[in-house]
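Trainee: Please choose one part of this model and take me through it closely, from its aromatic rings and its strands to its cysteines. I would like the reasoning spelled out wherever a label depends on a cut-off.

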Amino acid sequence: MRSRSRSCSEMSISLSASPSPAEREALRLPRSPPAAAPPPLVGALIESLSFRSCGFGRAASSAFEKEDLRLRVALPQRLRDALHAALKARDPSAGAFALEEAPGVGTAANPWFALAPEDAPENPLVAFVNPRSGGRLGPVLKSRLQELIGEDQVFDITVVKPSAFVEYGLGCLEQLADSGDHSARSVRNNLRVMVAGGDGTVGWVLGCLGELYVQNRGPVPPVAVIPLGTGNDLSRSFGWGGSFPFSWKAAAKRSLYKAILGTVSCLDSWHIVVSMPEEGEEQELDLPHSLRHLGECTFYDDGTAEGELAETVCCFDGVFYNYFSIGMDAQVAYGFHQLRDEKPFLASGPLSNKLIYAGYTCKQGWFFTQCISDPELRGLTNIIRLSIKKMDSSEWEHIPVPSSVRAIVALNLHNYASGRNPWGNLKPEYLEKAAAIRLEIKGGQWRDAYMQMDGEPWKQPLSTEYSTFVDIKRVPYPSMIISGADR
């Protein structure tokens, strides 16, 4: 965890070494050639009125809306340069040169600058795009978003990681704000984030933004969604839809307006820690971006363990927002992701993706009986001990797992597996709230267990002697999601 510097002496050193305009340009992240500057808003309005009189009202109105959107969200050029400089140098202070051009800084104090900064946008917005999502629609959508809000504010998530943006990009705005840049403070306090990708991508961004709570660096920017995944259950739950429409060019603009004008809702999230025997297997793990290695740690057994405990345990952790699962559904998802990585041309869109999922579902024995000889296709009874701790209780309660169960899902929302509602109309006795869940995975004939978190699967190696544990607890602070059903 990296703390922000608020030292005046450090800021003065950074300012004394401010780069020249040519050096400033060299610090920016590489981008494609800039697009031609759009016409002024007044000009767009006059053009709109002229076109309407000639029967071209729709095109002119669209041009006017594009200009209006750009004016609402576009950061001033000096702050865009500062953000890219900080990201490229991996140093928040690398953008300190933006103070030289900040209105109201270095002059007599004027309270109006703090209330209404001259160059701060009304609704600042940045976007992250996953180019692998949406049947490779990501790169095309990225170009469309750059056209609408400016290429400096649209990031390829495989190039600019959300964690880097939080540490260096937001850190740069915070340092500028602490030095008296009221526009930077306004952008930081009002910033919203659009994420174009699947549930895993959205969860990755939410998890990185959640670190702001831990570091006491509020406010936390709320997140909007353009659904490019296969299931898009998190997107469905907050009104952003289950898929991106075929008329995606117009839909992109509508989504951006929803992102800047929509109301903000709170979303619970759950912290997961996997503790496994340290036998060298951790080097083989190919974990999703939303999980991180913690190294060697201590596992405290409070009476729930059935199997043998290893003397040395290594751990990794993460946060999920929709679901965590273990079993057949995770195995199917793992097979799909492996195929997509090896043969990306097969995963060309949501429909083809669902057909591939259906094929893997049949292959893994979802519709077969439970007496199949292959242990990888049996139920979970022999490898799982499930315990829960209810609200206002300190005791663990063991939950029997029926032999017919093929997967266990810890579900946070009412949408699962492309919009299915597994909850149904529950009886009151089923509505007791769990504060924590613990799964014990016993070793033996099972070589691996398949797990997934918000649609991102991995293959968890198992020890033949010692147990692996999965602990799930509620995160004490909410995540912020923008509603897509408002406009």
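Mentor: Rings of Phe, Tyr and Trp, the last taken by its six-membered ring, are counted as a pair if their centres lie within 6.5 Å. Please keep in mind throughout that this is a predicted model. With that criterion, ring pairs join Phe316, Phe320, Phe324 and Trp458 into a cluster, and the structure as a whole holds eight aromatic pairs. One of these is formed by Tyr213 and Tyr477, whose ring centres are 4.5 Å apart and whose planes make an angle of 25°. Planes under 30 degrees apart count as stacked, and the pair of Tyr213 and Tyr477 is accordingly stacked. Tyr213 belongs to helix H10 (residues 199–214), whereas Tyr477 sits in the loop between strand S16 (468–474) and strand S17 (479–482), so this pair ties together parts that are 264 residues apart in sequence. Both partners are partly exposed, Tyr213 at 31% relative accessibility and Tyr477 at 24%.

The part I would choose for a close look is the sheet to which strand S16 belongs. This is an open sheet of seven strands with antiparallel pairing, and its order reads S7-S8-S6-S16-S13-S10-S11. Its edges are S7 and strand S11 (397–399), each of which pairs on one side only. On average, and with direction ignored, neighbouring strands of this sheet are turned by 20° against each other. Within the sheet, strand S6 (residues 270–277) runs antiparallel to S8 and is joined to S8 by eight bridges. Across this pairing, His271 stands opposite Val319 in S8.

Towards one end of the order, Ile388 is found in strand S10 (residues 384–390). At a relative accessibility of 17%, Ile388 counts as buried because the limit for that label is under 20%. Although Ile388 and His398 are ten residues apart in sequence, their C-alpha atoms are 6.6 Å apart in space. Once its neighbours within four places in sequence are left aside, Ile388 is in contact with Glu395, Trp396, Glu397, Ile399, Ala436 and Ile437.

At the other end of the order, the link to examine is a covalent one. The structure holds one disulfide, which joins Cys297 to Cys315 with an S to S distance of 1.7 Å. The two cysteines come from distant parts of the chain, with Cys297 in strand S7 (residues 291–297) and Cys315 in strand S8 (residues 313–320), 18 residues apart. The torsion about the S-S bond of Cys297 and Cys315 is about 45°, so the disulfide is right-handed.

The two ends of this disulfide carry separate accessibility labels: Cys297 is partly exposed at 23%, while Cys315 is buried at 5%. Cys314, by contrast, is in no disulfide, and the nearest cysteine sulfur to it, that of Cys315, is 6.7 Å away. A disulfide requires a pair of cysteine sulfur atoms within 2.5 Å, and the 6.7 Å between the sulfurs of Cys314 and Cys315 therefore does not meet that limit. Cys314 is also buried, with a relative accessible area of 5%. Another buried cysteine is Cys208, at 11% relative accessibility.

Terms used: Residues numbered from 1 in each chain as written. Predicted model: local features only at pLDDT ≥ 70, side-chain atom pairs only at ≥ 80, totals over all residues. Heavy atoms only, no water. Helix = DSSP H or I, 4+ residues; strand = E, 2+ residues; numbered from the N terminus. Buried < 20%, exposed > 50% of the residue type's maximum accessible area, 1.4 Å probe, protein only. Phe/Tyr/Trp six-rings, centres within 6.5 Å; stacked < 30°, edge-to-face > 60°. Pairing = 2+ DSSP bridges. Axes fitted to C-alpha atoms, helices over the stretch in contact; angles between N-to-C directions. Contact = heavy atoms within 4.5 Å.
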